[in-house]
Amino acid sequence: MIKIANAQLWVHDQDEALAFYTEKVGMEVRADVTMPEMGNFRWLTVGPADQEDVSIVLMAIPGPPVMDDESAEQLRTVMAKGFAGTVFLTTDDCQASYEELKGRGVEFTETPEERPYGIDSGFRDPSGNSIRLTQVQMPATV
Amino acid sequence: MAHVPPARHLLRAKDLADARYFEPLGVDDLARAAGLSRAHFSREFRRAFGEPPHAYLLTRRLERAAALLRATDNSVAEICFSVGLQSVGSFTTSFSRTYGQAPTAYRASFPPASHLVRVPTCVVRAYGRPQNRTFREDSGPVST
């Protein structure tokens, strides 16, 4: 059986991303390891406290020789424009989660709204990545 | 702290248009969100996203209006005001130019069953936003 363990997200600044995902979104740190033998590569993962087997890897954009300067710059630009990716989060209560995160300073780009599939909202992380926060409510019958 | 790419500030302006299109928002407000002068902002926004900010804001409003036409029975005037536009006449003109038919005809062309399609809103908003159509010559490729 294949399962999802980690999914990777590029971030502009790991410290800034760590503060955002833990202090504002309310996730916990799963791993924060810096490896001097690998050019101080920092393996940094976060995840929801109640969902232990899935986490997000907050990956810094590397420089040469891992990634050439031009690619790194293109990646930074694409991310800053908001096209680098989306994380889809779910919640039992979209309105309550919205109030909670808003109270901690998260700026929402979409406030909770009723949709055919549930109640949906959205915000961005400091890097420009899009985060959805959805209370999924499928109709019993189609 | 790594240097913040300039495009991140432009994205703030784009997000503002997406978040508060229903308010009487204009390019000046978007420029302020990006922290740039209006002229500089319009140029940089177009360079980054391939279309001028006023066109982005208008097509966001038209996309939301089209969604409301499909999903509600609100009147055309109500929908016009609820997406931040202030003139029903201009709305009808912009909508017809963009979608190739008037708002009422557009609504009539969708069966009520369309509400059963369960696609995430972010997808609806991103892929449903129309290409801006204008009779002026400002919709061509970005010249550098």
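A:Pro65 sits in the loop between strand S4 (55–60) and H2 of chain A, where helices (H or I, at least four residues) and strands (E, at least two) are DSSP runs numbered from the N terminus. The peptide bond leading from A:Pro64 into A:Pro65 is cis, with omega near 5 degrees. This is a predicted model, in which local features need pLDDT of at least 70 and side-chain atom pairs count only at pLDDT 80 or more, while totals for chains, interfaces and linings use all residues; side-chain values use heavy atoms, with hydrogens and water left out. Residues are numbered from 1 along each chain as its sequence is written, and chains are lettered from A and ligands numbered from 1 in the order in which they are written.

**Chain A and its backbone**

- Chain A has three helices and eight strands.
- Reading from the N terminus, the order of those elements is β-α-β-β-β-α-β-α-β-β-β.
- The C-alpha trace of chain A spans about 55 × 35 × 35 Å along its principal axes.
- Which loop holds A:Asn40? A:Asn40 is in the one between strand S2 (28–35) and strand S3 (41–47) of chain A.
- A:Asn40 is not a glycine, yet its phi is positive, about 60 degrees.
- As background for both loops, most residues other than glycine have a negative phi, and most peptide bonds are trans.

**Where the two chains meet**

- How many residues does each chain bring to the contact? Chain A brings 26 residues and chain B brings 23 residues, contact meaning heavy atoms within 4.5 Å.
- About 2,000 Å² is buried between chain A and chain B, with carbon and sulfur atoms giving 58% of that area. Buried area is the accessible area (1.4 Å probe) that two parts lose on being put together, summed over both.
- On the chain A side, A:His12, A:Ala80 and A:Lys81 lose the most area to chain B, together 27% of what that side buries.
- Four residue pairs are in polar contact between chain A and chain B (both at pLDDT 80 or more). Such a contact is a pair of N or O atoms within 3.5 Å; within protein, one must be able to donate a hydrogen and the other to accept it, and residues adjacent in sequence count only if both atoms are side-chain atoms.
- Helix H2 (69–80), strand S6 (108–115) and strand S7 (118–124) of chain A each supply at least two residues to the side that touches chain B. S6(A) gives the most, with four residues.
- By class, that side of chain A has 10 nonpolar, six polar and 10 charged residues. Here Ala, Val, Leu, Ile, Met, Phe, Trp, Tyr, Cys and Pro count as nonpolar, Asp, Glu, Lys and Arg as charged, and the others, Gly among them, as polar.

**Salt bridges**

- The structure holds 18 salt bridges over all chains, each being a side-chain nitrogen of Lys or Arg within 4 Å of a carboxyl oxygen of Asp or Glu.
- One pair crosses between chains, from A:Arg124 in strand S7 of chain A to B:Asp15 in helix H1 (residues 7–20) of chain B.
- In the salt bridge of A:Arg124 with B:Asp15, the closest N and O atoms are 2.5 Å apart.

**Helix packing in chain B**

- Helix H4 (residues 53–71) and helix H6 (residues 88–99) of chain B pack at an angle of about 85 degrees, with their axes 11 Å apart. Axes are lines fitted to C-alpha atoms, for helices over the stretch in contact, and angles run from 0 to 180 degrees between N-to-C directions.
- H4(B) is therefore roughly perpendicular to H6(B), the word used for angles of 65 to 115 degrees.
- Residues making this contact include B:Leu58 and B:Leu62 of H4(B) and B:Phe91 and B:Phe95 of H6(B).

Methods: Angles under 35 degrees count as roughly parallel, over 145 as roughly antiparallel, 65 to 115 as roughly perpendicular and the rest as oblique.
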